[in-house]
Amino acid sequence: MTAFRAKWATAQPWLAAACVVLTANWAAAELKDHIDRVTQGKDVEPRGMLMVLLYLALFAVTVYWLYRLRKVLFHPRTRLLKNEAPSPREHLILFLSDLDVSRGRYNGGVPEGVVLTGDLQNDLNALVEHKKRGTTFWRWEMPLRAIKPHLATLKVLTVLCSPESVRQVHWFGQILTGTYARELAGVAVEVFLNEQPPRAISCPACESVAGGWKFEAFDALSEALLSLLSHLKNQGVRDEQIMIDFTGGQKVTSVVAASATFNRAIKSQYVQTNPPFDAVSYDILLTHSLTEGMGW
């Protein structure tokens, strides 16, 4: 019985589509005959009018049936059968989590005991050793790792903050534009604020700002990301130049980031939070289940 249900679930959309085509042909033929009789001045038989209504009703029912199956026809699938190393892009979008200052001391957003030298790779290696000593996990380590694959091509880094992290984003901006000024030379660091209308401001001039996005609110966060993508498009940025990193933030941000890339050249990436800390990129399509070349 389970096997039959699985086969029926696969066949049902195709049967519904066939019924739509068939009933559309019946309704069109009957309607044409009815109109021809009227234009030729012939008597309209009640039976003929009844048949027209019947076929139109059948067509409407099959269209509604196919509409109800729209979620079965389309599924999110990855374009590739294996994880992909991120391709360097010119525009990177990050979600910035807030630092829990109640569980550790921070100097300008940097945990006490950590010294950033300005050499990104060496600092990331030092952070691994720092964690081995059982000290505070630094939530901004992953955003720094997210930047690394794009250093050669990066032009603009845009940060989306929560209402909590927006009060700390000036620290993050200072780390990027100050500590790593040499490695990020020529890279504009911006914060996309929740205002009416939303706007992007540059760092380090992002101190004492408000306008964070609620990372648990799916609709609001989706609108924020779509507004940002529209903003970039208006600036002439193409989809294939954009990468969205969803390592930071809440689980909702991961769903929003992935869904915003459906059927677009924009890609999303995630940085592993454990060794070897690789960045993995995803190219996600919204397709029907039989599309060739899709992963499962």
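A pocket, as I use the word here, is an open set of grid points with protein on both sides within 12 Å along at least five of seven lines, and its lining residues have an atom within 4 Å of a point. I am working from a predicted model.

**Entry: the largest pocket**

I looked up the lining first and found 17 residues, with S97, R139, G248, G249 and Q250 nearest the centre of the pocket. The volume came out at about 310 Å³. Sorted by class, this lining has 6 nonpolar, 7 polar and 4 charged residues.

**Entry: the second largest pocket**

Next I turned to the second largest pocket, which holds about 150 Å³ of space. Which elements each supply at least two residues of its lining? They are α1 (2-39) and α2 (46-68). I noted that α2 gives the largest share, 5 residues. The lining includes E30, D33, H34 and R37, along with V44, E45 and R47. By class I have 4 nonpolar, 2 polar and 5 charged residues for this lining.

**Entry: a nonpolar patch**

On the surface I found a nonpolar patch made of L31, I35, V38, V44, M49, L53 and L56, with about 550 Å² of accessible area together. Helices α1 and α2 each give two or more residues to this patch. V44 and M49 caught my eye, as both belong to the patch and also line the second largest pocket. I checked V38 too, which sits in helix α1. Is V38 buried, partly exposed or exposed? V38 is partly exposed, because its relative accessibility is 46%.

**Entry: salt bridges**

Side chains of opposite charge can pair when their charged atoms come close. I counted 10 salt bridges in the structure.

K155 pairs with E90, their closest N and O atoms being 3.7 Å apart. K155 lies in the loop between α5 (141-147) and β5 (156-161) and E90 in the loop between β1 (75-78) and β2 (91-96), so this bridge ties together parts 65 residues apart in sequence. Both are partly exposed, K155 at 47% relative accessible area and E90 at 22%.

E240 and R238 meet at 2.9 Å, N to O. I have E240 as partly exposed at 42%, and R238 likewise at 47%.

R264 bridges to D239, with the closest N and O atoms 3.0 Å apart. Why does this pair tie together parts that are 25 residues apart in sequence? Because R264 is in the loop between α8 (251-259) and β9 (267-271), while D239 is in the loop between α7 (218-234) and β8 (242-245). My last find was a network: K131, E141 and R145 are joined by salt bridges that share partners.

Notes: Residues are numbered from 1 along each chain as its sequence is written. This is a predicted model: local features need pLDDT of at least 70, side-chain atom pairs count only at pLDDT 80 or more; totals for chains, interfaces and linings use all residues. Side-chain values use heavy atoms; hydrogens and water are left out. On a 1 Å grid over the protein atoms alone, a cavity is a set of points where a 1.4 Å probe fits but cannot get out, and a pocket is an open set with protein on both sides within 12 Å along at least five of seven lines; lining residues have an atom within 4 Å of a point. Grid points are joined across faces, edges and corners, and a volume is the space filled by probe spheres set on the points. Ala, Val, Leu, Ile, Met, Phe, Trp, Tyr, Cys and Pro count as nonpolar, Asp, Glu, Lys and Arg as charged, and the others, Gly among them, as polar. Helices (H or I, at least four residues) and strands (E, at least two) are DSSP runs, numbered from the N terminus. Patches are made of residues with over 30% relative accessible area and no salt bridge: like charges are joined within 9 Å, nonpolar side chains (Val, Leu, Ile, Met, Phe, Trp, Tyr) within 5 Å. Accessible areas come from the Shrake-Rupley method with a 1.4 Å probe; for residues, only the protein chains shown count as cover. A salt bridge is a side-chain nitrogen of Lys or Arg within 4 Å of a carboxyl oxygen of Asp or Glu. Buried means under 20% relative accessible area, exposed over 50%, partly exposed in between (1.4 Å probe, protein chains only).
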